[in-house]
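Dear colleague,

I am handing over the structure below, and I would ask you to open it beside this message while you read. My notes on what was found follow after it.

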There are 2 protein chains.
Amino acid sequence: MIELTDIQSPADIKGLGDDELRHVAHEMRRAMLQWVSTVGGHVGPNLGVVEATIALYQVFDAPEDKIVWDVSHQDIAHKMLTGRMKYFTDPSLYRTIGEYTDPNESPYDLFYAGHTSPSITLAAGLAKARDLQGEEHAVVAFIGDGSLSGGVAFEGLDAAATLNSNFIVIVNDNQMAIAENHGSLYDNLLELRETNGMAADNYFKTLGYDYIYVKEGNDLPSLREAFQKAKASKSPVVVHINTQKGEGYGLAEEYRERFHWSVPFDVTNGNPKHDSGEPTYDTLTRDMLIELIETDAKTLVVNPATPGSFGFTPEVRKRVGAQFWDVGIAEQCGVSVAAGAAKGGLKPILAVETSFLQRAFDQLVEDLSLDNLPATLLVLDAGVYGIPDATHLGLWDMVMLSNIPNLVYLGPTNAEEYKAMLTWAHNQTSHSVAIRVPTTSLTHAEGDVDTDYSTINIYKMAHRGSDVALVGASNMYGVARKAAEILAGQGIDATLINPRFLSGVDEDMMRGLKKNHKTVITLEDSSLEGGLGEKIARVLGPTGMKVRCLGLQKEFIDRYNAAEILEAASLTPQKVADIAQEMLK
Amino acid sequence: MIELTDIQSPADIKGLGDDELRHVAHEMRRAMLQWVSTVGGHVGPNLGVVEATIALYQVFDAPEDKIVWDVSHQDIAHKMLTGRMKYFTDPSLYRTIGEYTDPNESPYDLFYAGHTSPSITLAAGLAKARDLQGEEHAVVAFIGDGSLSGGVAFEGLDAAATLNSNFIVIVNDNQMAIAENHGSLYDNLLELRETNGMAADNYFKTLGYDYIYVKEGNDLPSLREAFQKAKASKSPVVVHINTQKGEGYGLAEEYRERFHWSVPFDVTNGNPKHDSGEPTYDTLTRDMLIELIETDAKTLVVNPATPGSFGFTPEVRKRVGAQFWDVGIAEQCGVSVAAGAAKGGLKPILAVETSFLQRAFDQLVEDLSLDNLPATLLVLDAGVYGIPDATHLGLWDMVMLSNIPNLVYLGPTNAEEYKAMLTWAHNQTSHSVAIRVPTTSLTHAEGDVDTDYSTINIYKMAHRGSDVALVGASNMYGVARKAAEILAGQGIDATLINPRFLSGVDEDMMRGLKKNHKTVITLEDSSLEGGLGEKIARVLGPTGMKVRCLGLQKEFIDRYNAAEILEAASLTPQKVADIAQEMLK
């Protein structure tokens, strides 16, 4: 029998018999499970598509044939078969590879893929390029069921079908996205599964696609037959494969949401390896949302398909009932229904990851802020402590949220301030409000926190000193505070400011500093460009006050270490203190 | 017979007989045509839905029943029937009302609507609010066929069907969006029309909707019957109405794309009232794109449904053939296929209005810039001279485009520079490039312009003076130049800088100004916040150089006069000169 480490490229599996391939699949699953349980990542989706990936590389001739992976929740088998097996079999290399496709890593990875749903539009671009240049290769988009709810996937299906040339969309249907699938399209997929692909109503056919159903989506001969048929087609075709999420790992087959993605876990019992049980901002978010739902019938919590990220487990969702709406992977819909619900008299709260909110920028502007509707956004995973993958960065949150009229973006610095801000936002009707949920470990306020934020852009001066003022926004307030302590030890009585508002400047306070300050240093843990520090620099520009903005560079960073990034950006207490000393010279 | 001016609210038409209503419809069309031919606006879409709007207000009890208008290309009849008739019948009031729905104007306007496609998601929010609060009214989204191609419309259909309560989507099918409809969904609509709604493949049914087809979409009894059926339904339903775009105005029925939207025109012959025939940046864009297509087989021009805005008329489109791809109203798709096409070896150029580009922010980040693919974006209608409606502002272009890693955003200041930048962008492979197409009247360079922009963030010092430096970006370069002339007359030799790069700062040049300058003034005609001036203020912050950033406030402005806005922002040559004098004191 072939060893996994013998597989250097798809060529190495092309000629194997099915017995041998089943052995390979089994071994791949074993390696995959070791890897993902050690470093954390997507469990169920990856286990489900091992056979589909093998069949894909037997039938198609990559990289000449173009295979576009969606979202990368399901591409470990792909990475294993395309020259990167050793990273998943040799524990010493485990942490040197990531889950997401990366064109710098392999010619088989055509695009970075981290967000759901772009595979079809990207593949449409490739197909158009092929046709205009008179090339002949196949173009395949490999998309998961959950990704189909994203609007761009529909846009891609709609546009690509008009190309009238070979265009293959493989829909990996594992019967759920992250949590259960939401949206009526999934009822259609269910109907198709239940009728062995024969249902009269067929979403894909209405959009002009030929349709092939593969009932046994973990069976190699069935998959190969379907893929071969698709490869030969000269018109757009959807291959709908019914796979088992978590296949081969009993716990992941049974607890499919728990094992969609997991922190490192013990394979024998499925328990997370590190769960301190300590309160975090995620558990605080969960508890506050439950309380608002249970004490106020007008509360509606909306979320696009990531309820687990703030503790809305199946049990919690059952408890809160209709006051929680998971709209599926559909962020545009999430923002827009929150706007509509606010107009309808509810008090909606949308919880969404910063990076995914990028998809709803237009709805933030046109549906929410232009109408100035009182919905509250909880912005998750913002800043340097968010998700450290290049595809999921939380570093453009202020770009999106601090520069839109009417929208108030708040940055709490401790648990009590977060509670107070959410309570205020929930009960007011004058503003659209976004709250940057802290991503540091949970801290508590040292004194009372304000409960009323209705006069916007009023910063809090925690300590009034002289010479240098430190403005520490959101996650960086703690760094500013510690820098002030260092400076105090050096005989400098620094002013310490918590801006609280990330979308505007306390112009009076800032200009007032001129009296007895020589310099202002701003600290923020997202991209400097388009952020808060630049606004303060603009306001102070005409005064001649020296301003130094500390924050992150405008660059894509991948699988980074937050401490290193902060060090490089001079966002450590010691470095801030050093800069203050230097600016005062 | 009832006079139009007798109609103050929907109650005034509820009891009218059909003969009288047909008279009303005829008179409404006449008024509409006078209004739109005088002030400019959407012609065909509005003419087509007069009967549908009348029937709607007969059957439903607005504003208790909630009717959400999409895009507002089709809501003049709605405005007429809901208390605003006089603005369309009294020429002295013509210019005091706009086309788009506006909640500050009427309780019948639930949301601002200017962008396509959000009606379904907004209505879903209203329906959820109704259901949670135990209310009983109907919820209606009135959407046009063209809007269905926007991904958020799909997301809304998908999510709203799961509410399992009264939810009505009226699809106004006038057989084209702006130009022809693009996308396979329109083939399904065609099939449904051709089979009187009986086709086996039915997009809406696959998404869980009951379906009612109205063949005679300009026939009042047919419309009322369908709407009544929908009103009584307790489950989601689509009413597909087949209307005549431009109904009642022969020229608009025949030339449907020309009369989708028009500048003021002569009703008798359809000719635009003011067409100087002079070259503009739009005609220059058209000519350059045709040339790039005809001289380079790898050129692909992509546009989401607005080819007319840069002169790609049906004749031009026929001429350029497959090298132009109108993907329909689907900006996410537009950016993503451009990225895919670049990866596939083409040299794609995406032309798109700034305001609509908001919908593709995620694709700008994840599909284009993260992969650093060499596509070129032509950003239309940016800045203060863009579209002066609150729903279509071009003021957040730098927010979106100047703050993303890898993306180079260029701001040409005259025709030759625009040509040079487009030529360079098209032929390089190192960057994703966006070009802010000027929206001033066309001007020419005074000398040679650079042809190579590959070393990024190098500003051009047009004149080296002292004391004060004026940085005039994009459309505002001319203002800076004239301000420098005024200052010269006052004995001040101002430095004049064309930054050219809107996404970064020439740090050496800016810091070098310290030698013999006391102050820097930046000029830009979009939102100050998140823009170029703030970046310059940040870079100069530590130097103590005085910086004054001139630009637009972060606010929604509606149907504004550009000159007034510029005056208020001190963006006139005289005011800039005055500010320079003041800062030098």
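In this model, which is predicted, 104 residues of chain A are in contact with 104 residues of chain B. The area buried between the two chains is about 8600 Å², and carbon and sulfur atoms account for 62% of that area. An area of this kind is a common way to express how big an interface is, since it is the accessible area lost when the parts come together.

Turning to polar interactions, you will find 6 salt bridges across the interface of chain A and chain B, including one in which the side chains of A:Glu534 and B:Arg538 meet at 2.6 Å, N to O. Between the two chains there are also 44 residue pairs in polar contact, with both residues at pLDDT 80 or more. On the side of chain A that touches chain B, helix H15 (residues 331–343) of chain A contributes the largest share, namely 9 residues, and that side as a whole divides into 49 nonpolar, 34 polar and 21 charged residues.

Please look next at a sheet in chain B, where 5 strands form an open sheet with mixed pairing, in the order S14-S16-S15-S17-S18. Its edge strands are S14 (460–463) and S18 (546–552) of chain B, each of which pairs on one side only, and neighbouring strands are turned by 25° against each other on average, direction ignored. Strand S17 (residues 517–527) of chain B pairs with S18(B) in the parallel sense over 6 bridges, and B:Thr519 stands opposite B:Lys546 in S18(B).

With best wishes

Note on methods. Residues are numbered from 1 along each chain as its sequence is written. Chains are lettered from A and ligands numbered from 1 in the order in which they are written. This is a predicted model: local features need pLDDT of at least 70, side-chain atom pairs count only at pLDDT 80 or more; totals for chains, interfaces and linings use all residues. Side-chain values use heavy atoms; hydrogens and water are left out. Two strands pair if DSSP finds at least two bridges between them. Helices (H or I, at least four residues) and strands (E, at least two) are DSSP runs, numbered from the N terminus. Axes are lines fitted to C-alpha atoms, for helices over the stretch in contact, and angles run from 0 to 180 degrees between N-to-C directions. Contact means heavy atoms within 4.5 Å. Buried area is the accessible area (1.4 Å probe) that two parts lose on being put together, summed over both. A salt bridge is a side-chain nitrogen of Lys or Arg within 4 Å of a carboxyl oxygen of Asp or Glu. A polar contact is a pair of N or O atoms within 3.5 Å; within protein, one must be able to donate a hydrogen and the other to accept it, and residues adjacent in sequence count only if both atoms are side-chain atoms. Ala, Val, Leu, Ile, Met, Phe, Trp, Tyr, Cys and Pro count as nonpolar, Asp, Glu, Lys and Arg as charged, and the others, Gly among them, as polar.
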